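Trainee: I've got a new structure open and no idea where to start. Can you walk me through it?
Mentor: Sure, let's put it on screen first.

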Amino acid sequence: MNTITKTLCAIPGFALTLIGILWVIDPNSAAEALNMTLLDSVGRSSQIGDGGAYFLFAGPLLLMGIYHEKSSWLHGVALLIGLTAIMRTVAWLFHGAVFASETIIFEIVIVSICLWCAKRFSNSN
């Protein structure tokens, strides 16, 4: 796979990883970057723990999948982020949340990049 393709695929991996790191070093900024407010008490623990784990899993796994050319790792990231878009839609349909169209579009773009890159790995092997 050429360098341009790998670079394009790595951009969301670096972005996700940086958000994960931000959850560790400045959770308030991480929450704001995701249009959230930092919660209090156990909610803050869940927000930082779940949010940090999510991004520190997805970003590095995407980057490692690109580096090692493992399409299955990219499929895992696509599944995680795709489910996030689905759950945002469920929140809107059934639980009174605002429809987060910009965020869902961004997630669909990342899923598309992951699947496109995974297909390129499969075709080159």
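Mentor: One term before we look around: a residue is buried when its relative accessible area is under 20%, exposed when over 50%, and partly exposed in between. Also keep in mind that this is a predicted model.

Trainee: Okay. So is Glu-107 buried or exposed?
Mentor: Glu-107 is buried, because its relative accessible area is 6%, and that falls under the 20% cut-off.

Trainee: Where does Glu-107 sit, and what does Glu-107 touch?
Mentor: Glu-107 belongs to helix α5. Leaving out residues up to four places away in sequence, Glu-107 is in contact with Ile-81, Thr-84, Ala-85 and Arg-88. Ile-81, Thr-84 and Ala-85 are among the buried residues of α4.

Trainee: Let's talk pockets. How much space is in the largest pocket?
Mentor: About 640 Å³. Its lining is made of 21 residues, and Glu-107 turns up again here: with Leu-34, Phe-55, Arg-88 and Thr-103, Glu-107 lies nearest the centre of the largest pocket.

Trainee: Which helices supply the lining of the largest pocket?
Mentor: At least two residues each come from α1 (3-25), α3 (41-68), α4 (71-95) and α5 (101-124). The helix that gives the most is α3, with six residues.

Trainee: And what classes of residue are in that lining?
Mentor: Twelve are nonpolar, six are polar and three are charged.

Trainee: Since α3 came up, how long is α3?
Mentor: α3 has 28 residues and spans 40 Å from its first C-alpha to its last, close to the 40 Å expected at 1.5 Å a residue.

Trainee: Which residues of α3 are buried?
Mentor: There's a list of them, including Gln-47, Gly-51, Gly-52, Phe-55, Ala-58 and Gly-59. Further along, Leu-61, Leu-62, Leu-63, Gly-65 and Ile-66 are buried as well. Phe-55 is one we met before, as a residue lying nearest the centre of the largest pocket.

Trainee: Why would buried positions in a helix come three or four places apart?
Mentor: As a general point, an α-helix has 3.6 residues a turn, so residues three or four places apart point the same way.

Trainee: What about the backbone? Which residue in α3 has a positive phi?
Mentor: Ser-41 does, with phi near 60°, and Ser-41 is not a glycine. Ser-41 lies in helix α3 and is exposed, with a relative accessible area of 64%.

Trainee: And what happens just after α3?
Mentor: Glu-69 takes a positive phi of about 55° there, again in a residue that is not a glycine. Glu-69 sits in the loop between α3 and α4. At 23% relative accessibility, Glu-69 counts as partly exposed.

Trainee: Then on to α4. How far does α4 reach?
Mentor: 35 Å between its first and last C-alpha, with 25 residues, which is close to the 36 Å expected. After α4 comes Gly-96, with a positive phi near 75°.

Trainee: Is Ser-71 in α4 buried or exposed?
Mentor: Buried, because its relative accessibility is 18%. Beyond its sequence neighbours up to four places away, Ser-71 touches Ala-118, Phe-121 and Ser-122.

Trainee: What does Trp-92 touch?
Mentor: Trp-92, also a residue of α4, touches Ala-97, Val-98 and Phe-99, not counting residues up to four places away in sequence. Trp-92 is partly exposed, at 40% relative accessible area.

Trainee: Back to α5 for a second: is Ile-105 buried or exposed?
Mentor: Exposed, with a relative accessible area of 53%. Ile-105 is in helix α5, and its C-alpha is 8.3 Å from that of Ala-85, 20 residues apart along the chain.

Trainee: Changing topic: how many disulfides are there?
Mentor: Zero, across the whole structure.

Trainee: Why doesn't Cys-114 have a bond to the closest cysteine sulfur?
Mentor: Because that sulfur, in Cys-9, is 7.5 Å from the sulfur of Cys-114, too far for a bond. For a disulfide, the two sulfur atoms would have to be within 2.5 Å.

Trainee: Is Cys-114 buried or exposed?
Mentor: Cys-114 is buried, with a relative accessible area of 1%. Cys-117 is buried too, at 1% relative accessibility.

Notes: Residues are numbered from 1 along each chain as its sequence is written. This is a predicted model: local features need pLDDT of at least 70, side-chain atom pairs count only at pLDDT 80 or more; totals for chains, interfaces and linings use all residues. Side-chain values use heavy atoms; hydrogens and water are left out. On a 1 Å grid over the protein atoms alone, a cavity is a set of points where a 1.4 Å probe fits but cannot get out, and a pocket is an open set with protein on both sides within 12 Å along at least five of seven lines; lining residues have an atom within 4 Å of a point. Grid points are joined across faces, edges and corners, and a volume is the space filled by probe spheres set on the points. Helices (H or I, at least four residues) and strands (E, at least two) are DSSP runs, numbered from the N terminus. Ala, Val, Leu, Ile, Met, Phe, Trp, Tyr, Cys and Pro count as nonpolar, Asp, Glu, Lys and Arg as charged, and the others, Gly among them, as polar. Buried means under 20% relative accessible area, exposed over 50%, partly exposed in between (1.4 Å probe, protein chains only). Contact means heavy atoms within 4.5 Å. The expected span of a helix is 1.5 Å times one less than its number of residues.
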